[in-house]
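Visitor: I'd like a close look at a single part of this model, with the numbers spelled out. Pick one stretch, stay with it, and tell me how it sits in the rest of the chain.

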Amino acid sequence: YTGNELNAGKTKDYISVLELKGDITSENKGTGYIFAGAFRDAVEDKHSKAILIHANSPGGSPVQAEMVYKMIKSYTDKPEDERQQVIVSVMDSCASACLYSIAAADKIYAHGNSLLGSIGVRMDSWNFKELSDRLGISRTTITSGTNKALMDPFMEMSDEQREQLVDKIVSPLYRNFVNAMKSARGDKLKEDDPLLFSGMMWTGQEAIDIGLADGIKTSLEVEAELYESLGVDEKKYANEKSFSLASLLTSSMESALRSTMSEISLH
């Protein structure tokens with residue numbers, strides 16, 4: 001059963017619970033696209049009195065993270081008396097693109113053993129040039145531009161090309177990430193700490209000290225406090241997927257087929 005099926009036909013007020021879990025990817029319409037749609041539905045639900053996000057993700061696509069971030073921020077920028085609270089409960093981890101996604105929430109709570117952080121960008125590729133030379137394998141690549149085959153794993157990357165990748169791709173993505181965190185968390189961030197934007201991870205209390213979280217509470221404690229403060233005693237899962245063997249097999253195959261040759265991610 002899905003959360004929606006369990007709550008079908010309800011007229012009582014409740015807390016809307018949204019799950020942001022697993023890799024944040026562009027697969028299956030995109031994590032950010034689907035999440036933003038569910039968030040919008042919760043915002044427009046007259047029986048929803050608060051939005052609680054369970055965050056548990058190692059990160060992923062900067063585009064999908066941007067989509068979620070902007071959806072949440074455009075909402076939380078409104079006066080508090082004209083909208084619902086948006087609260088995040090971090091489970092095991094909320095790293096990189098996950099943190100980017102939820103940064104604009106009203107409050108971010110972590111468990112004592114949660115991991116938060118990893119503010120940075122990574123770009124991965126393989127280099128098979130030496131192996132192919134040993135095996136006597138040659139490859140001919142014809143391009144229309146000097147940078148068209150920039151990350152070809154069978155070609156050596158020059159220092160100049162590496163600098164171009166950093167300058168034109170990695171650095172702009174990193175600046176966008178940092179600027180989003182500053183805009184969302186503001187004075188809460190301990191910007192004089194050289195590790196803040198270094199890609200470091202922190203446990204719950206350390207994340208609070210550096211400004212990435214607002215308090216230590218378990219998910220159950222967060223829910224209980226919302227119930228009490230809002231005078232409700234139920235929750236509705238807004239984007240929980242139902243289980244099916246077909247979807248499990250499809251997901252597994254897509255994961256196995258995902259390209260590992262070249263990837264840009266917020267991990």
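Guide: A word on naming first: helices and strands here are DSSP runs, numbered from the N terminus, with at least four residues for a helix (H or I) and at least two for a strand (E). Keep in mind that this is a predicted model. On that basis the chain has nine helices and 10 strands. Let's take the stretch that runs from strand 1 through a loop into helix 2, then follow helix 2 to its partner and out the other end.

Start in strand 1, which spans residues 14-21, with leucine 20, one of its residues. Is leucine 20 buried or exposed? Its relative accessibility is just 1%, so it counts as buried, the cut-off being under 20%. The contact list of leucine 20, leaving out residues up to four places away in sequence, goes in several directions: Thr31 and Phe35 are on it, then the run Ile53, His54, Ala55, Asn56 and Ser57, and finally Cys98, Ser101 and Ile102. Strand 2 covers residues 48-57, so that run of partners falls inside strand 2. As for Ile102, the C-alpha atoms of leucine 20 and isoleucine 102 are 9.2 Å apart, although their positions lie 82 residues apart in sequence.

Moving on, you enter the loop between strand 1 and helix 2, and asparagine 28 is part of that loop. If you check backbone torsions, you'll want to stop here: asparagine 28 isn't a glycine, yet its phi is positive, at about 50°. With a relative accessibility of 43%, asparagine 28 counts as partly exposed. Right after it comes lysine 29, in the loop between strand 1 and helix 2 as well. Lysine 29 also has a positive phi, near 80°, and it is a residue other than glycine. Its relative accessible area is 69%, so lysine 29 is exposed, the threshold for that being over 50%.

Then helix 2 begins, covering residues 31-44, and threonine 31 belongs to it. Threonine 31 looks back at the ground we've just covered: beyond four places in sequence it touches Leu20, Asp23, Ile24 and Thr25, plus Gln64. Gln64 belongs to helix 3, which runs over residues 62-76. Threonine 31 also sits 9.2 Å from methionine 67, C-alpha to C-alpha, with 36 residues of sequence separation.

So how do helix 2 and helix 3 pack? Their axes come within 7 Å and cross at roughly 15°. Since angles under 35 degrees count as roughly parallel, helix 2 and helix 3 are therefore roughly parallel to each other. The crossing of helix 2 past helix 3 is right-handed. On the helix 2 side, the residues making contact are Thr31, Gly32, Tyr33, Phe35, Ala36, Phe39, Arg40 and Val43; helix 3 answers with Gln64, Met67, Val68, Met71, Ile72 and Tyr75. Sorted by class, that contact has 10 nonpolar residues, three polar ones and one charged one. Phe35 turns up here facing helix 3, and also among the partners of leucine 20.

Past helix 2, the chain goes into the loop leading to strand 2, and aspartate 45 is found there. Is aspartate 45 buried or exposed? It counts as buried, because its relative accessibility is 17%. Apart from neighbours within four places in sequence, aspartate 45 is in contact with Tyr14, Gln84 and Lys236.

Stepping back, long-range contacts like these fit the whole chain: of the contacts with a separation of 6 or more, 75% join residues 24 or more positions apart. Buried residues make up 42% of the 267 in the chain.

Finally, confidence. The chain averages a pLDDT of 81, and 72% of its residues score at least 70. Among the elements, strand 4 (residues 107-110) has the highest mean, 98, and helix 9 (residues 245-257) the lowest, 44. Over residues 242-263 pLDDT stays under 50, and the model has 18 contacts beyond four places in sequence for that stretch. Where pLDDT is low, the predicted coordinates should not be read in detail.

Notes:
Residues are numbered from 1 along each chain as its sequence is written. This is a predicted model: local features need pLDDT of at least 70, side-chain atom pairs count only at pLDDT 80 or more; totals for chains, interfaces and linings use all residues. Side-chain values use heavy atoms; hydrogens and water are left out. pLDDT is the predictor's confidence in each residue, from 0 to 100. Contact means heavy atoms within 4.5 Å. Buried means under 20% relative accessible area, exposed over 50%, partly exposed in between (1.4 Å probe, protein chains only). Axes are lines fitted to C-alpha atoms, for helices over the stretch in contact, and angles run from 0 to 180 degrees between N-to-C directions. Angles under 35 degrees count as roughly parallel, over 145 as roughly antiparallel, 65 to 115 as roughly perpendicular and the rest as oblique. A crossing is left-handed if the near helix is turned anticlockwise from the far one by less than a right angle, and right-handed if clockwise. Ala, Val, Leu, Ile, Met, Phe, Trp, Tyr, Cys and Pro count as nonpolar, Asp, Glu, Lys and Arg as charged, and the others, Gly among them, as polar.
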